[in-house]
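The following exercises are intended for a reader who is meeting this structure for the first time. Each task is followed by a solution in steps.

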Amino acid sequence: MSRIWAGIDSGKGHHHGLALDTDGKTLLSRRVANDEPELLKLIGDVLDLADGCEVTWAIDMTGGEPALLLALLVSHGQEVLYMPGRLVNRACDGYRGEGKTDARDAYVIADQARMRRDLRPIRPGDEAAVELKLLTGRRSDLVEDRTRVVNRLRGTLLSMFPALERALDVTNTGPLKLLTGYQTPAAIRRIGVTRLTTWLANRKVRNARSLAEAAVEAAERQHTAVPGEKTVAKLVHTLAEEVMALNEQIVEMDKLIEGRFREHELAHIILSVPGIGATLGAEFLAAVGGDLDEFDSPDALAAFAGVAPAPRDSGKVSGNLHRPITYHRRLQRVFYTSALVSVRCDPNSRKFYDRKRAEGKKHVQAVLALARRRINVIWALIRDRRCYQVTPPVTTAA
């Protein structure tokens, strides 16, 4: 026996581990609790079966529920491959039987790891990259929560006071503070422009006068109270406070992210690239594991980020390209967003974007082409450990 392939179907309270030999014969299949002693016993049993041979582990998640197991495998110097759950589900269709069990999924993971050569190894990132991944993940959750509450606030306000919903941008602090004090047309008409301006100014709202005028103008357009107005007004008040609280949490999280990001050795290089700030830079480091050692070339990084198109040729159709199915979506967002911003602040990026537009490409296509080129730039800057310059440095001939 030259190698053992171990597949892990991860879960919250339990994982299922299954080991195969090189012929695909099951050597071990066991459900283990997500607890260190149980996991250590599983690792020890698999290594005992290997009897000095190499063991390759495969798992369907890279963090979260199996984080403890992954830490134990890394500490034992084990090779771990990542097989996304989507690939597991598709691969299951090629195996006999239609039932779904944890043992079956673990078998598919192990067997696919045995046969495939395109699975990406899970490499432990540096401490900073791990922390940035946790912080940026939390920030993403907060932003999603804020978006849901803002949409709910808009819908609730629209059901009671459509004119005010049109007049206010509830993503800004000023309108939110207004809604914590006044919600109904009658209340806004009673207070009037002058007193509402003073009320807003006392709460340090910018452009208090123009905001008060817009609110009173909207109130003058509606003199009818909808059924349940008092209850709706209370809901609007509560939702506005929730949005403000989430805004404060996001600001605090941004400070934590920026502080941790700037401590990284590559931070000054990444920040020198136009369009990339602390948040996008932190997401970049979190996605790549803190460095680019895993990527042999810019092409590999572009493929990982989903910026390099994949061919879809069949029969007489050739040259057909499409967005790849498997890629790191957050990393793609980093490159696309930074490219979009760089068009406005970097002359080199603007020149490249205009050229692509002149070639007939649409806006999104031109931005994606720019994102792909910027990957070459970032990869080279990190390789050479130098910062971005708008004008290339003049080299003196030896």
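## Exercise 1: The surroundings of L68

Leaving aside neighbours within four places in sequence, L68 is in contact with N34, D35, E36 and L39. The model in which these contacts are found is a predicted one.

**Task.** State in which element L68 lies, and determine whether L68 is buried, partly exposed or exposed.

**Solution.**

1. L68 belongs to helix α2.
2. The relative accessibility of L68 is 33%. Buried would require under 20%, and exposed over 50%. L68 therefore counts as partly exposed.
3. One of the contacts, N34, is 34 residues away from L68 along the chain, yet the two C-alpha atoms are separated by 7.8 Å.

## Exercise 2: The order of the sheet

**Task.** Work out the order of the strands in the open sheet, and name its edge strands.

**Solution.**

1. Begin with β2 (residues 14–20) and β3, which run antiparallel and are joined by 7 bridges. Within this pair, L18 has S29 of β3 as its bridge partner.
2. Turn next to β1 and β4, a parallel pair with 6 bridges. Here I8 is matched with I59 in β4.
3. Continue from β4 (residues 54–59) to β5 (residues 79–82): the two pair in the parallel sense over 4 bridges. A58 has L81 of β5 as its bridge partner, and I59 stands opposite Y82.
4. Between these two strands the chain passes through helix α2 (residues 67–75), and the resulting β-α-β crossover is right-handed.
5. Add β6 (residues 120–121), which runs antiparallel to β5 and is joined to β5 by 2 bridges. Y82 has R120 of β6 as its bridge partner.
6. The complete order of the 6 strands is β3-β2-β1-β4-β5-β6, with mixed pairing.
7. The edge strands are β3 (26–33) and β6, since each pairs on one side only.

## Exercise 3: Strand burial and covering helices

**Task.** Explain why β4 is described as largely enclosed, and identify which strands helices α1 and α4 lie across.

**Solution.**

1. Of the 6 residues of β4, 5 are buried, so this strand is largely enclosed by the rest of the structure.
2. Helix α1 (residues 36–50) lies across β1 (3–9), β2, β3 and β4, and its direction is at about 170 degrees to β3.
3. Helix α4 (residues 102–115) lies across β1, β2, β3, β4 and β5, at about 140 degrees to β1.
4. For a residue of β3, consider R31. Its relative accessible area is 56%, so R31 is exposed.
5. Not counting residues up to four places away in sequence, R31 touches H14, H15 and H16.

## Exercise 4: One face of helix α9

**Task.** Determine how the buried residues of α9 are arranged around the helix axis, and what they pack against.

**Solution.**

1. Helix α9 (residues 208–220) has 13 residues and spans 18 Å from its first C-alpha to its last, close to the 18 Å expected at 1.5 Å a residue.
2. Its buried residues are A208, L211, A212, A215, V216, A218 and A219.
3. Viewed down the axis of α9, these residues fall within an arc of 160 degrees, and so they line one face of the helix.
4. As a general point, an α-helix has 3.6 residues a turn, so residues three or four places apart point the same way.
5. The partners of this buried set are α6 (162–167), α7 (173–181) and α8 (185–202).
6. In α7 itself, G174, P175, L176, L178 and L179 are buried. The elements covering them include α5 (127–160), α6, α8, α9 and α10 (229–262).

## Exercise 5: Positive phi angles

**Task.** Locate K204 and R385, and classify the exposure of each.

**Solution.**

1. K204 lies in the loop between α8 and α9. Its phi is near 60 degrees, a positive value in a residue other than glycine.
2. With a relative accessible area of 76%, K204 is exposed.
3. R385 is found in the segment after α16 (363–384). R385 is not a glycine either, and its phi is positive, at about 55 degrees.
4. At 48% relative accessibility, R385 counts as partly exposed.

Technical notes
Residues numbered from 1 in each chain as written. Predicted model: local features only at pLDDT ≥ 70, side-chain atom pairs only at ≥ 80, totals over all residues. Heavy atoms only, no water. Expected span 1.5 Å × (residues − 1). Buried < 20%, exposed > 50% of the residue type's maximum accessible area, 1.4 Å probe, protein only. Arc of directions from axis to C-beta. Contact = heavy atoms within 4.5 Å. Pairing = 2+ DSSP bridges. Right-handed = clockwise from strand over helix to strand, strands pointing away. Axes fitted to C-alpha atoms, helices over the stretch in contact; angles between N-to-C directions.
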